[in-house]
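Student: I should like to understand the terms used for spaces, ligand contacts and strand pairing in a protein model. Could we go through them one at a time?

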Amino acid sequence: MKTNQTTPSPQTRMNIWDLLRNIVPFVSPYRWLVAATLALTLVGSLMAQVNAVVLDRAVDAINVLVQQSGGFAWADAVRILTIITAILLGKEVVAAVVTFFQRYYGERMRILVSRDLSLRVVESMLSFRMAFFSAEDNETGRLQSRIDRGIMSLSNTVNNFFIEILPLFTSAVLALVLMFAANVYVGLVALCIVPIYFWVTYVQASRMKGGRRSIFGGHQAVSQGILSIIESISVIKSFNREHIEADRQAALQRTMTDLQLSTRRQSYFFNGLKSFLEQIGTVLIIILTAYLVLIDYPGMSIGKIMYHVMLFANVSAPIRQLHRIYDDMNDALIYAEGFFGIIHADDEVEDSGSFRPASVRGDFQLKDVDFTYPGGTKALHGVSLNIPSGKITALVGLSGAGKSTIVNLLDKFYHPDCGSICLDGVELREWDTQWLRDHVGLVLQKNHIFDGTIEENIRYGRPTATHEEVVEAARQAYIYEQIMQLPRGFETSALQLSGGQQQRIAIARMFIKNPPIIFLDEPTASLDAIATEQIKASIDAIKAGRTVVIISHNIGQIIDADQIYVLQQGRVVQSGTPDEVYHQGGLYKDIFDASARSMNVDKIANTLA
Ligand code: ADP
């Protein structure tokens with residue numbers, strides 16, 4: 001099993017090129033959006049420099065005006081001010097339009113990419129074999145959090161890139177080019193300060209990384225704690241353990257508070273340091289430009305002081321955001337690994353053969369089958385058994401003996417480590433997996449009832465079934481009368497039904513599917529006696545003429561079987577008809593007798609007599 005390679009823990013990191021390589025296929029369908037955003041970015045970056053240019057020109061023009069001998073003409077002043085106003089307001093209008101479309105397109109891209117990522121991950125997961133889902137790294141909660149966080153973080157990265165990172169950096173590069181064009185020395189000073197900012201940001205990010213992780217973990221612990229209080233409130237109250245729970249929460253909160261405060265402290269310190277460095281940069285630029293103006297350096301005028309200061313502000317703007325961008329990228333790299341691990345787990349895709357016979361008899365043969373779960377539990381050791389068609393075979397044994405594992409193998413949810421499993425004489429591996437499952441009905445101890453109406457839940461067995469067929473299936477499963485007593489009949493939400501009723505919906509679902517092979521895995525465990533009896537009646541109705549494999553702790557169901565296999569710690573220890581095996585003594589007799597005693601059969605017989 002290659003679980004560790006295909007589904008790495010979310011802590012492992014991709015590098016930025018891996019991230020890009022993985023995300024480009026999700027962005028490339030929206031090329032026109034990317035192109036439009038890039039064009040807008042360029043216009044936006046040009047607009048960002050307008051203030052600097054206007055101020056430079058305005059200061060120089062006004063300077064010339066005031067220095068005119070004999071006083072300036074008001075008409076000239078008004079003309080200059082009108083031009084400035086028109087340009088600045090015009091620029092604001094263009095900038096507002098650009099920002100609107102940039103944000104809108106960026107958001108649109110985020111939503112579309114997020115949709116495509118979700119669809120893709122669902123598509124991948126549906127194609128995976130069961131082993132993927134039973135791997136330790138892929139427990140429901142973990143898998144869900146990898147998917148949720150992956151989608152959120154990756155789509156935000158796409159959004160941030162187009163509406164924040166790209167515009168800011170383009171504007172910074174443009175501002176730097178303008179500074180160099182105005183004066184090489186000023187450009188060089190601005191350029192030299194950039195690496196210092198980068199360095200400070202890097203130190204800040206690496207110092208705060210541990211803190212951020214711990215806060216993240218702390219949040220999870222706090223919410224997990226609250227959840228567990230809610231879930232076990234009756235136990236907490238019945239043992240009067242409220243104060244213990246309250247103390248536990250208080251301790252968690254104290255740790256969180258300390259962490260948050262220390263992270264904030266560090267963050268304010270570094271932000272202060274960065275502002276200070278930025279101011280040093282600005283001061284250096286003012287001093288240098290003022291010096292160049294004073295020595296009458298070619299091309300230098302008083303307006304250039306403002307010009308350079310404003311351009312420098314554009315250069316340093318993205319650097320001020322660098323820390324946040326760095327954090328976001330870091331998160332994206334962490335989550336991308338876990339997320340794309342799922343999408344690219346090609347070796348988890350369920351395999352399928354091509355054997356699709358016109359009719360399926362339902363004759364299974366297992367020979368020397370060993371099986372180990374992905375987690376390493378060896379569940380079956382050299383199991384050999386025959387499951388003849390048209391007969392009822394019961395698998396008997398204590399919990400954990402390997403009964404459900406056999407059913408999992410027969411339904412091709414897993415492949416054996418060694419040995420062979422044949423259906424109608426053909427290796428299960430060679431069967432078309434979907435074809436096989438089309439001919440198999442599986443009823444479990446707890447069947448999944450989907451969020452939908454009763455009719456939808458029954459029709460899940462065969463989506464093309466008519467309403468009449470759904471009704472007929474409900475009748476066969478002995479649930480029709482109860483459905484009709486509900487105010488909304490077949491339109492009632494199936495989730496509102498009791499456990500026993502839901503179980504019969506699952507049986508109706510199997511009736512409507514009408515498969516030649518049926519696996520029943522403890523279908524009546526945890527149900528009351530009446531429901532058990534009704535379900536027994538429905539099962540009796542469905543099993544006629546089919547291959548039935550039943551796992552049950554209910555001796556009433558076991559003794560109805562044509563043959564039984566008794567399993568103990570993954571090995572077949574007894575087999576034969578129920579009577580034969582009982583008279584052999586051994587485990588089955590022990591289970592049978594214990595069952596009869598626990599039911600108090602003698603007294604029941606007396607009562608009934
Ligand atoms: P039974 O149906 O007889 O109660 P199972 O077939 O469910 O027993 O289990 C056989 C053994 O395999 C047990 O030790 C059980 O812990 C283990 N097992 C069952 N399902 C899984 C799984 N998905 N992953 C790992 N081990 C499992």
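Tutor: The discussion below takes up the ligand site, the sheet, the pockets and the cavities of this predicted model.

Student: What makes Tyr373, Gly402 and Ser404 polar contacts of the ligand?

Tutor: A polar contact requires a pair of N or O atoms within 3.5 Å. A polar side-chain atom of Ser404 lies 2.7 Å from an oxygen atom of the ligand, and a backbone N or O atom of Gly402 lies 2.9 Å from an oxygen atom of the ligand. For Tyr373, a polar side-chain atom is 3.5 Å from a ligand nitrogen atom. Each pair therefore meets the limit of 3.5 Å. The protein covers 67% of the 560 Å² of accessible area that the ligand has on its own.

Student: Which other residues surround the ligand, and how are they classed?

Tutor: The surrounding residues include Ser134, Thr377, Ala379, Leu398 and Lys403. By class, the shell holds 4 nonpolar, 7 polar and 1 charged residues. Helix H11 contributes the largest share of the shell, with 3 residues.

Student: How do you know that strand E1 pairs with E2?

Tutor: Pairing requires at least two bridges between two strands. Strand E1, residues 364-372, is joined to E2 by 6 bridges, so the requirement is met. The two strands run antiparallel, and Gln365 stands opposite Asn386 in E2.

Student: Why are E2 and E5 called edge strands?

Tutor: The open sheet has 4 strands in the order E2-E1-E4-E5, with antiparallel pairing. Strand E2 (378-387) and strand E5 (426-427) each pair on one side only, and they are the edge strands.

Student: What makes the space lined by Phe413 and Lys513 a pocket rather than a cavity?

Tutor: The distinction is one of access: a cavity is a set of points where a 1.4 Å probe fits but cannot get out, whereas a pocket is an open set. The space in question is the largest pocket, and its lining has 34 residues, of which Phe413, Arg437, Leu442, Tyr460 and Lys513 lie nearest the centre. Among the elements giving two or more residues to that lining are helix H4 (74-127), helix H12 (433-438) and helix H16 (499-513). About 1400 Å³ of space lies in this pocket. Its lining divides into 15 nonpolar, 10 polar and 9 charged residues.

Student: What volume and lining does the second largest pocket have?

Tutor: The second largest pocket holds about 1000 Å³ of space. Its lining has 40 residues, with Arg149, Arg212, Phe216, Asp331 and Tyr335 nearest the centre. By class, these lining residues are 7 nonpolar, 19 polar and 14 charged. Helices H6 (140-182), H7 (184-231), H9 (242-294) and H10 (303-343) each supply at least two of them.

Student: How many cavities of 30 Å³ or more are there, and what lines the largest?

Tutor: The structure holds 2 such cavities. The largest has a volume of about 60 Å³, and its lining includes Ile392, Lys536, Asp540 and Gln557. Helix H17 (residues 529-543) gives the most to this lining, with 4 residues.

Student: Why does the lining of that cavity count 4 charged residues?

Tutor: Asp, Glu, Lys and Arg count as charged. The lining contains Lys536, Asp540, Lys543 and Asp560, and these therefore account for the 4 charged residues.

Student: What is known of the second largest cavity?

Tutor: About 40 Å³ of space lies in it, and Tyr197, Lys274, Glu278, Ser316, Ile319 and Arg320 line it. H10 supplies the largest share of this lining, 3 residues.

Note on methods: Residues are numbered from 1 along each chain as its sequence is written. This is a predicted model: local features need pLDDT of at least 70, side-chain atom pairs count only at pLDDT 80 or more; totals for chains, interfaces and linings use all residues. Side-chain values use heavy atoms; hydrogens and water are left out. On a 1 Å grid over the protein atoms alone, a cavity is a set of points where a 1.4 Å probe fits but cannot get out, and a pocket is an open set with protein on both sides within 12 Å along at least five of seven lines; lining residues have an atom within 4 Å of a point. Grid points are joined across faces, edges and corners, and a volume is the space filled by probe spheres set on the points. A residue is near a molecule or strand if one of its heavy atoms lies within 4 Å of it. A polar contact is a pair of N or O atoms within 3.5 Å; within protein, one must be able to donate a hydrogen and the other to accept it, and residues adjacent in sequence count only if both atoms are side-chain atoms. Accessible areas come from the Shrake-Rupley method with a 1.4 Å probe; for residues, only the protein chains shown count as cover.
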